[in-house]
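Student: Can we go through this one together? I'd like to start with the empty spaces inside.

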Amino acid sequence: MAGVTLDKIVKCYGDIEVVHGIDLNVAEKEFVVLVGPSGCGKSTTLRMVAGLEEITDGTLTIDDRLVNNVSPKDRDVAMVFQNYALYPHLNVAENIAFGLRIRKVPKDEVTKQVAEVAEILGLTEYLERKPADLSGGQRQRVAMGRAIVRHPKVFLFDEPLSNLDAKLRTQMRAEIKRLHKRLGVTSIYVTHDQVEAMTLADRIVVMADGRIEQIGTPMDLFNHPKNIFVASFIGSPPMNQIEAEVETRGDKLFANFGDNSLELPALNELSGSDHGRKVTLGIRPEHIMTQADADTSSIGVELDLIETLGSEALLHTTVMDKPFVVKAETHGDIKHLENLNAFHFKPGMIKVFDRETGNVFDYPERLK
Amino acid sequence: MTNLQKKSQWLIQHFKKEWQIYVLLAPAMIWFFTFLYTPMYGLQIAFKDYSIFKGIAGSPWIGFEHFQTLFENDDFIRAIKNTAILSAYNLLFAFPAPIILALMFNEILNQWYKKGAQTIVYLPHFISTVILAGIVITAFSPSAGIVNTVLGWFGVDPVYFLSKPEWFRPIFIGSGIWQEAGFASIVFLAAIAGVNPSLYESAVVDGASRWQMMWKITIPSILPTILIMLIIRIGNLLEVSFELVILLYQPATYVTADVVNTFIYRQGIQSGQYDLAAAAGLFNAVVAFILVMTANTISKRYSRTSLW
Ligand SMILES: Nc1ncnc2c1ncn2[C@@H]1O[C@H](COP(=O)(O)OP(=O)(O)OP(=O)(O)O)[C@@H](O)[C@H]1O
Ligand SMILES: [Mg+2]
């Protein structure tokens, strides 16, 4: 069925290799989000799927058909661009109809389809307008309409929301999600905004430097980052990192840094012989406690700043000369947070990464 | 404080703050004033019986007599007719030429080939019109010209192209295109370069062919530029390149070649009838002014594009 498979896809510009052999299986009806820092090759990968860039090496199949050398128009994909790529001289209806007109679909059919799509996207009353007379969100919708009207096998989105303001972005995000539920078309979506990735994706592909770092559901990535890069990329505010050394006491593991010692969870990949091993601890801001509990160990801190968000507050401090953020519940008041002088950690909430390789210890077998 | 005081105070403040801008503007203003506005004083001789000895101010007014003389002169009427015909041909053939050229350049994918071709078509623009006309005259010469040589291979007797009135217009328009089309295409190439590349990418994904993209994206996108150039062109419609006419025409081809400007030149400079020539020139200018205004208004109404 209409899945997309990338097998060892490589892209070179001249002598420079920018995508280094990507393997990715997008199932039918799946919504996959490519996320990663600027320049990591997300757009390039997407454009190879669209056929706008030649594939240097590897194979690409869409719907079980090898399409490496198939021209974009015969791949049956539709793409939504960051700057919308609307034709300024055509009105909304003509813009939406463009792809159908090109394919010589009969006029009545075009009119019908355009009306249908306009209805779905709430553009009916704007059909006669030129793109210049639309708001950013409306333009975005027209761009989506152009893609939808063709009933393609695959939707490709390249940062479609990044030109919108924050509020509109949230709104359009929900709309895209709803649209995908309704149409059920296989989609590949590129963004550098991890919130967008978390909210939209069935599965997220985290990329860095032309490689895939990890593929998984949003919750998998959040709970089980494969390495320090994914850990710091997914989640907002990002995961706190502390450089520490492993200490083994009996059958228990501890991490020492400065004058502090935190108890670590039991890890199969770390044993008594790893005493003194250099590791990085990763602790999510929302997993740190402001009150001690039976199995917690703690560190003393001094708060620099409290950012109140409403039901939650961000507590800023530094640990080992690095910024350290804790997300705490306010319960309607921040008084009880102001005089905090210690944070408490449950061993199970601490991720331990090998400082040499950046990989997490005890990465779950089912995710490998 | 009255409104006037407020305004003048604002103006003083404005000049104090922004005087540098006005200094920058000054040379252009001085140029316009000296070379385009001051000579307008002399325009009055179109309505005077001008004599060099009495001077512009001293010559007596005679109203529209020169205009009357002009319109009773068959040569002037012929010149207007020729100007109109050449202008129409120019608009029909010479105006689209650079647009077509730019569209063609845009389709060349090999960068080296593209640059080479562009350089070659830009070159004639940099050749002086005198030399260019010389080349044209030589090429069409009955004895040694390449055109007649080639025709000779097919057994055609030499044609005296440049002394045949029926050949003047094609040769003139053709030389004009040869000289300027390449250089004029730069404007359109720049306009094409300004088209958002993702429009093409989006069209490619939608399945458009290169031909469809040219018609549905490139041409509509550069339409505003085409319209602006058209307005400018229409404003200069009567200025059929006077030098080229003078260099290519001869008394035998006056029937089709003599235009208002060459008429003015012969009457004014060669025969010394400055007042009559001024009247003809004024007529030319008024018509040109009306043409620009009309073109601009039409363009503004139908395409939201206008010079001002
Ligand atoms: N036409 C090109 N020629 C040479 N290098 C290119 C070209 N296009 C992209 N690159 C390089 O390929 C790499 C990946 O680019 P790409 O556009 O895919 O990044 P991206 O992940 O989409 O980033 P962003 O989030 O900024 O859009 C970058 O290092 C970029 O410099
Ligand atoms: Mg990109």
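Student: How do the residues lining the largest cavity divide into nonpolar, polar and charged?

Tutor: There are 10 nonpolar, 2 polar and no charged residues in that lining. Keep in mind that this is a predicted model.

Student: What is the volume of the largest cavity?

Tutor: The largest cavity holds about 70 Å³ of space.

Student: Which element gives the most to its lining?

Tutor: That is α5(A), with 4 residues. The elements that each supply at least two residues are α4 (136-148), β7 (154-158) and α5 (166-183) of chain A. Among the lining residues are Phe31(A), Phe155(A), Phe157(A) and His180(A).

Student: How many cavities are there of 30 Å³ or more?

Tutor: The count comes to 3. The second largest has a volume of about 60 Å³.

Student: And what lines the second largest cavity?

Tutor: Residues from both chains, including Tyr84(A), Arg146(A), Arg150(A), Ser202(B) and Asp206(B). At least two lining residues come from each of β6 (77-80) and α4 of chain A and α10 (197-206) of chain B. The lining divides into 7 nonpolar, 1 polar and 3 charged residues.

Student: What does Arg150(A) form with Asp206(B)?

Tutor: A salt bridge, in which the closest N and O atoms are 2.7 Å apart. Across the interface of chain A and chain B there are 2 salt bridges by the rule used. Arg150(A) and Asp206(B) both belong to the lining of the second largest cavity, too.

Student: OK, the interface then. How much area do chain A and chain B bury between them?

Tutor: About 1,700 Å², with 58% of it on carbon and sulfur atoms. The size of an interface is often given as the accessible area lost when the parts come together.

Student: Which residues of chain A lose the most area to chain B?

Tutor: Tyr87(A), His89(A) and Ile102(A), which together make up 29% of what that side buries. The contact as a whole takes 23 residues from chain A and 17 from chain B.

Student: Switching to pockets. How much space lies in the largest pocket?

Tutor: About 840 Å³. It is lined by 22 residues, and those closest to its centre are Leu36(B), Met40(B), Leu43(B), Gly281(B) and Ala285(B). Two or more lining residues come from each of α1 (3-37), α14 (260-270) and α15 (274-303) of chain B. The largest share, 6 residues, comes from α15(B).

Student: How many of the lining residues there are charged?

Tutor: The lining of the largest pocket has 1 charged residue, next to 15 nonpolar and 6 polar ones.

Student: And which residues lie nearest the centre of the second largest pocket?

Tutor: Asn90(B), Ala94(B), Glu180(B), Arg233(B) and Ser241(B), out of 24 lining residues. The pocket has about 600 Å³ of space. Its largest lining share, 9 residues, comes from α9(B). The lining splits into 14 nonpolar, 6 polar and 4 charged residues.

Student: Back to chain A. What does UniProt place at residues 4-234?

Tutor: The unreviewed entry has "domain: ABC transporter" there. Over those residues the chain is 37% helix and 26% strand, and the end C-alpha atoms are 24 Å apart.

Student: Where is the cis peptide bond?

Tutor: Between Ser236(A) and Pro237(A), with omega at about -5°. Pro237(A) sits in the loop between α8 (228-233) and β11 (240-249) of chain A.

Student: And what is phi of Asp64(A)?

Tutor: Near 65°, a positive value in a residue other than glycine. Asp64(A) is in the loop between β4 (57-62) and β5 (65-66) of chain A.

Terms used
Residues are numbered from 1 along each chain as its sequence is written. Chains are lettered from A and ligands numbered from 1 in the order in which they are written. This is a predicted model: local features need pLDDT of at least 70, side-chain atom pairs count only at pLDDT 80 or more; totals for chains, interfaces and linings use all residues. Side-chain values use heavy atoms; hydrogens and water are left out. UniProt positions are given in the numbering used here, feature names are shortened, and annotations may be inferred rather than shown by experiment. On a 1 Å grid over the protein atoms alone, a cavity is a set of points where a 1.4 Å probe fits but cannot get out, and a pocket is an open set with protein on both sides within 12 Å along at least five of seven lines; lining residues have an atom within 4 Å of a point. Grid points are joined across faces, edges and corners, and a volume is the space filled by probe spheres set on the points. Ala, Val, Leu, Ile, Met, Phe, Trp, Tyr, Cys and Pro count as nonpolar, Asp, Glu, Lys and Arg as charged, and the others, Gly among them, as polar. Contact means heavy atoms within 4.5 Å. Buried area is the accessible area (1.4 Å probe) that two parts lose on being put together, summed over both. A salt bridge is a side-chain nitrogen of Lys or Arg within 4 Å of a carboxyl oxygen of Asp or Glu.
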